[in-house]
Amino acid sequence: MLDIAAICLVVTALLAYVNQRFVGLPTTIGVMAAALLLSVALIGLDLLGWLPGLRDFEASLIASIDFSDVLLQGMLSLLLFAGALHIDLSELRSYRWQVAALAVGGTLLSTLVVGFALWALLPLVGWELPLLSCLLFGALISPTDPIAVLGILKSAGAPRDVELVITGESLFNDGVGVVIFTLLLGVATSGTIPTVGEAGLLLLQEALGGLAFGVAVGWATFLLLRSIDHYQVEVLLTLAAVAGGSALATHLHVSAPLAMVAAGLVVGNHGRTLGMSQTTRHHVDLFWELIDEILNAVLFVLIGMEVILIPFGGGTWPAVALAVVLTLLARGLTVGLPVALFPAWFRLPRGAGRVLTWGGLRGGISVALALSLPESAGRDLLVPLTYAMVVFSVLVQGLTIGHVVRASVCGDRAPGPGTRPQEAHDSQPLSGG
């Protein structure tokens, strides 16, 4: 494991250097594109009979890494906590119902739209899958990846209210998507269809239980932070809260991702302001910023290198194109359209629906869930569909979201909660309502 970790860190550092020195793309996009190009080049060299050992070495390296476990059981909790740590809870509270509607209702509806549409249209491109397998794809591809979204929005220049809603949605909808995926996967593997009441109870246990447990972990961490003033120990306490809290959440059968979002919000809003000195706050912020940047870079390098194991065949490309179109249409119907139709309730500037639709990036969570599928669930087709959608999302949507933001919402802001009419066009963050 030490050799694997060392190789991953060295490759990531070198690709990040090349991107920063010669290319200049956002780090997540740049390192993933570089890793993807490197893997494709090795595949091409192998087909030509040149340096076949390099492809075999990369394939064996990636095969030795359980991507699903590395992300879902390791990186994800750290990254979600780091992302939630700097969310202003007073601002998020102003849009709590809008975020909840998009994260819960939007994810559920998108799962159904993608699943049923894929099931109906796949035969047109020469493939057939059971409805349950198509719904599994809908569940794993519908949540937007907070890791990808947070990384790209830093440089997109979106107005504060739009950034707040899309960030809040992405932090919560991945937990909802994982719960839906787990429920559907249980049906696929056991063959037993739960009743509506049983399914609802599982959703409540996982989602609300995870949020409640996360608040408890965050509050306990805050009390410990407030009782001392020693930045090394306080940094260690925040790290222990994430590692121990996510492990305990898994054993309690509640959503660890949602728990870490809730814990990050509590520590970020109460712990940082009421439980830390200025020196401690500086070191805690710096530590989690570095954790965020390093793990993000490693994760997207792994995504790019994963292509060497994805079973793409000539017959999968029409299905790939269909999956990309259906996923974007579902995002537009379940998120972009409601925002456009009910501007008074969402309180976002005109054009925000286009930004939320195009800015709904997919990332490592979708790939990890797809790789966890059993063969009986259509894994051979769903894995390449998911991987292609993630690559399209990060490279195409990620590189163009800044243009969409500028064309859609910049210079056209709607009044937010607590904002006076004459301040409606300010670029400052919205105050709490």
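A cavity here is a set of grid points where a 1.4 Å probe fits but cannot get out. That is the term to hold on to for the first part of this talk. The model I am showing is a predicted one.

Let me begin with the enclosed spaces. There are 2 cavities of 30 Å³ or more. The largest cavity has a volume of about 40 Å³. Its lining is made up of Leu 102, Gly 106, Thr 107, Ser 110, Ser 142, Glu 169, Asn 173, Arg 331, Thr 334, Val 335 and Arg 362. Helices H6, H9 and H14 each supply at least two of these lining residues, and H6 has the largest share, with 4 residues. By class, the lining of this cavity has 6 polar, 3 charged and 2 nonpolar residues.

Now the open spaces, the pockets. In the largest pocket there is about 730 Å³ of space. It is lined by 26 residues, and Arg 96, Ala 100, Phe 172, Leu 208 and Leu 211 are the ones nearest its centre. The elements giving two or more residues to this lining are helix H5 (89-94), H6, helix H9 (160-190), helix H10 (196-226) and helix H12 (256-274). H10 gives the most, with 8 residues. The lining of the largest pocket divides into 22 nonpolar, 2 polar and 2 charged residues.

The second largest pocket has a volume of about 610 Å³. Its lining has 27 residues, with Gln 73, Val 178, Thr 182, Thr 250 and Pro 257 nearest the centre. Two or more residues of this lining come from each of helix H4 (67-84), H9, H10, helix H11 (231-251) and H12. Here H4 gives the most, with 8 residues. By class, this second lining has 15 nonpolar, 10 polar and 2 charged residues.

While we are on H4, that helix also holds Val 70. Val 70 counts as partly exposed, because its relative accessibility is 30%. The C-alpha atoms of Val 70 and Leu 299 are 9.2 Å apart, although the two positions lie 229 residues apart along the chain.

Next, the surface. Trp 97, Val 113, Leu 333, Leu 337, Leu 341, Phe 342 and Trp 345 form a nonpolar patch there, with about 740 Å² of accessible area together. Helix H6 (96-121) and helix H14 (317-341) are the elements that give two or more residues to the patch. H14 gives the most, with 3 residues, and Leu 333 is in that helix.

Last, the charged pairs. Side chains of opposite charge can pair when their charged atoms come close. The whole structure has 6 salt bridges. What does Arg 272 pair with? Its partner is Asp 285, and the closest N and O atoms are 2.7 Å apart. Arg 272 lies in helix H12 and Asp 285 in helix H13 (residues 278-305), so this pair ties together parts that are 13 residues apart in sequence. Buried means under 20% relative accessible area, so Arg 272 at 16% counts as buried, and so does Asp 285 at 17%.

Glu 163 and Arg 160 also form a salt bridge, at 3.8 Å from N to O. Both lie in helix H9, 3 residues apart, about one turn of the helix. Glu 163 is partly exposed, at 22%. Together with Glu 91, these two residues are linked in a network of salt bridges.

One more pair is Glu 375 with Arg 379, at 4.0 Å from N to O. Glu 375 is exposed, at 52%, whereas Arg 379 is partly exposed, at 22%.

Technical notes:
Residues are numbered from 1 along each chain as its sequence is written. This is a predicted model: local features need pLDDT of at least 70, side-chain atom pairs count only at pLDDT 80 or more; totals for chains, interfaces and linings use all residues. Side-chain values use heavy atoms; hydrogens and water are left out. Patches are made of residues with over 30% relative accessible area and no salt bridge: like charges are joined within 9 Å, nonpolar side chains (Val, Leu, Ile, Met, Phe, Trp, Tyr) within 5 Å. Accessible areas come from the Shrake-Rupley method with a 1.4 Å probe; for residues, only the protein chains shown count as cover. A salt bridge is a side-chain nitrogen of Lys or Arg within 4 Å of a carboxyl oxygen of Asp or Glu. On a 1 Å grid over the protein atoms alone, a cavity is a set of points where a 1.4 Å probe fits but cannot get out, and a pocket is an open set with protein on both sides within 12 Å along at least five of seven lines; lining residues have an atom within 4 Å of a point. Grid points are joined across faces, edges and corners, and a volume is the space filled by probe spheres set on the points. Ala, Val, Leu, Ile, Met, Phe, Trp, Tyr, Cys and Pro count as nonpolar, Asp, Glu, Lys and Arg as charged, and the others, Gly among them, as polar. Buried means under 20% relative accessible area, exposed over 50%, partly exposed in between (1.4 Å probe, protein chains only).
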